[in-house]
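Here is a short set of exercises on reading helix packing and side-chain pairing from a model. Try each task with the viewer open before you turn to its solution.

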Amino acid sequence: MYETTISETQEIIQDNLDYTLFSWSKQKGLDPIAVKRAEGVYLYDYEGKRYIDFSSGLMNVNIGHGNQRITDAVVKQMQEVSYITPGSVTKARGDLGKKLAEICPGDVNKAFFTLCGATSIENAIKLARLYTGRHKIISRYQSYHGSTYGVMSAGGDPRKILVDSQQAPNFIHIDIPYAYRWPYGADTLLKDAVDSLERMIDYEGPNNIAAILLEGESGTSGCFKYPEGYLLNVRRICDKHGILLIIDEVMSGFGRTGKWFGFENHSIVPDMIAMAKGLTAGYLPFGCLMVTDKIAARYDDSMLPLGLTYSAHPVCCAAALETLKIYEDENLIENTVQMGKYMDAQMELLIQKHPSIGDWRNTGLLGCIELVKNRETKEPMAPFNPKPADMVVMNKVAAKVKELGMHTFVKWNYIFVAPPLCVTKEQIDEGLAIISEAISIADGAVV
C-alpha cells in the first residue's frame, strides 16, 4: 500500500474535477481512476489497487506502460535539443522518416509529422483537395477520425450531431454493411457494398471527389469487419477515377491488428496513411501523414501548403523511433498474432457461456464484444447513440468492470478488448474472467 492517505487521494480527484474539463463527458457525477503509476498491462491507483488495462489507454499504449527505453530516448534527445523550428533538421527526424518509409509498403515514402491523429487526417484532407483540385471526400458513417471540425465532419460518430450546424462542407458518407447485421446472406454482402459505393460516386460526380477516407480496420465504432475484398475494390475504383485513397491507421496501426498497418490485412497500398497513437504508444503526443513519392513530387518546385509549429518535434521523433525499435526488439507484432488467436479461442468459450454475447469481432488485438437482448432478433443491449435511460444495463456492466479491477472502453452495447501488445495468455485469462463476471449482469436482461 502507498503512504498516500484516502483524503489525499480524494483531494487529487477533486482538484481534477474542480479545475479541469473531461472529454466527451457530463462534468458532474464523474468517478475517474486516480492513476499514480503504470507498468506493462497494469495501472495502479493511489490506494495501490491494480487495474488491468484492456484498452491500452485509448488503444494507443501498444508497447505497454512504463517502458523506460522511451524515457531514456526522450531524456537523451532533450539533453541535446528540445525544440527546433520545422524548417531545421535533426538526426531523429531523418532516422524516423527513413524507418517509416521502410515499414510502409509501395512508394509511400514521405513523412509529414503532425501532433496527433486528428491533425494527421486534417492535413491528409487538405493535401488531397489541393493535389487533385477536387473538393469532395467520401467517408464512412460508422467511423471516427477525430474531433476537430474537419475530421469530425468526415467521421460518422453521433457525437458530431451536436455540432452539425457548424460542420465542414463537402463530406459524403457511405454505409458499409457488416456481416452480423446483414440479413440477406454473405453472398450478397460484398456486391451490395461495392455497388452502393459506385452509385454514390456516380451521383456525386467522380471528377468532384478528391479522396475516399477509410480506417485500415474499424475501431471505436464497433470493430466492424469490411466485407472480404471490399478494400481491394475501393482501390480499383479509386484508380479508375483518379481518386486518392486515404487510410486512417491512427488506431489500427503499429501492430494492433497483427500487421504494421491494418490495411495490410487487405492487400492494398493507399496513397496516404494517417497515423498517431501507436507511433509513440501514447508516451508523447505525436502523429504523421505518410504520402507517396508521386504526391510529394508535386511540391518539389512549389510550396507545400502544410505547417505546424511542432511538426517534426525532435523529442517526439526520438520517442517514436525508439517505440518502433521496441516493436521489433520485443517481437510485439508476432505476439499480437499469437495472442489474438488465443483471445479468439477464449472468447468462443465465453460466447457459449453468456447468452447476451451476440457477436465478437477481432483482428489481432483490436476486438469488440457486442451485447444483445436476444440472439435471434439481435436487439442491442443499448441502441446506437442511446439516451441515458437506454444505458441502465450497460452502465452496470461498465461499473462492474471497473469494480473488479479493469480499465477498458465500454460504449453503447460494446465492450472493447484491446490490451497492450505485450499481453500474455495469463493476463488475457485474467481480463476475460473480469469481463465474464460483468457480462453476467447483461445475461439477466436477455429476453
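Helix axes here are lines fitted to C-alpha atoms over the stretch in contact, and the angle between two of them runs from 0 to 180 degrees between N-to-C directions. Keep in mind that this is a predicted model.

**Exercise 1. Describe how helix 3 (residues 68-80) and helix 10 (residues 314-329) pack.**

Solution. Two packed helices are described by the angle between their axes and the distance between the axes.

- Step 1: the axes of helix 3 and helix 10 come within 9 Å and cross at roughly 150°.
- Step 2: angles over 145 degrees count as roughly antiparallel, so helix 3 and helix 10 are roughly antiparallel to each other.
- Step 3: the crossing of helix 3 with helix 10 is right-handed.
- Step 4: helix 3 contributes R69, I70, A73, V74, Q77 and M78 to the contact, and the helix 10 residues include P314, A318, E322 and D329.
- Step 5: sorted by class, this contact of helix 3 with helix 10 has nine nonpolar, two polar and four charged residues.

**Exercise 2. Repeat the analysis for helix 12 (residues 392-403) and helix 13 (residues 425-443).**

Solution.

- Step 1: the packing angle of helix 12 and helix 13 is about 155°, and their axes lie 8 Å apart.
- Step 2: the cut-off of 145 degrees applies again, and helix 12 and helix 13 are therefore roughly antiparallel.
- Step 3: helix 12 and helix 13 cross in a right-handed sense.
- Step 4: V393, K396, V397, K400 and V401 of helix 12 meet I434, A438, I441 and A442 of helix 13.
- Step 5: the contact of helix 12 with helix 13 holds seven nonpolar and two charged residues, with no polar ones.

**Exercise 3. Find the salt bridge between D95 and K91, and say whether each partner is buried, partly exposed or exposed.**

Solution.

- Step 1: the side chains of D95 and K91 pair with an N to O distance of 2.6 Å, and a salt bridge needs such atoms within 4 Å.
- Step 2: both residues belong to helix 4 (residues 91-103), where a spacing of four residues puts D95 and K91 about one helical turn apart.
- Step 3: D95 has a relative accessible area of 28%, so D95 is partly exposed.
- Step 4: K91 reaches 64%, so K91 counts as exposed.

**Exercise 4. Do the same for R235 with D239, and for D164 with K160.**

Solution.

- Step 1: R235 and D239 form a salt bridge at 2.9 Å, N to O.
- Step 2: R235 and D239 sit four residues apart in helix 8 (residues 230-241), about one turn of the helix.
- Step 3: R235 is buried at 12% relative accessible area, whereas D239 is exposed at 52%.
- Step 4: in the salt bridge of D164 with K160, the closest N and O atoms are 3.5 Å apart.
- Step 5: D164 is partly exposed at 26%, whereas K160 is buried at 10%.

The full count for the model is 22 salt bridges.

**Exercise 5. Where does G278 lie, and which residues does it contact beyond its neighbours in sequence?**

Solution.

- Step 1: G278 is in the loop between strand 9 (272-275) and strand 10 (287-292).
- Step 2: its relative accessible area is 1%, so G278 is buried.
- Step 3: leaving aside neighbours within four places in sequence, G278 contacts N60, N62, V250, F254, T323 and Y327.
- Step 4: T323 also appears among the helix 10 residues in the contact with helix 3.

Methods:
Residues numbered from 1 in each chain as written. Predicted model: local features only at pLDDT ≥ 70, side-chain atom pairs only at ≥ 80, totals over all residues. Heavy atoms only, no water. Helix = DSSP H or I, 4+ residues; strand = E, 2+ residues; numbered from the N terminus. Parallel < 35°, antiparallel > 145°, perpendicular 65-115°, else oblique. Left-handed = near helix turned anticlockwise from the far one by under 90°. Contact = heavy atoms within 4.5 Å. Nonpolar A, V, L, I, M, F, W, Y, C, P; charged D, E, K, R; others polar. Buried < 20%, exposed > 50% of the residue type's maximum accessible area, 1.4 Å probe, protein only.
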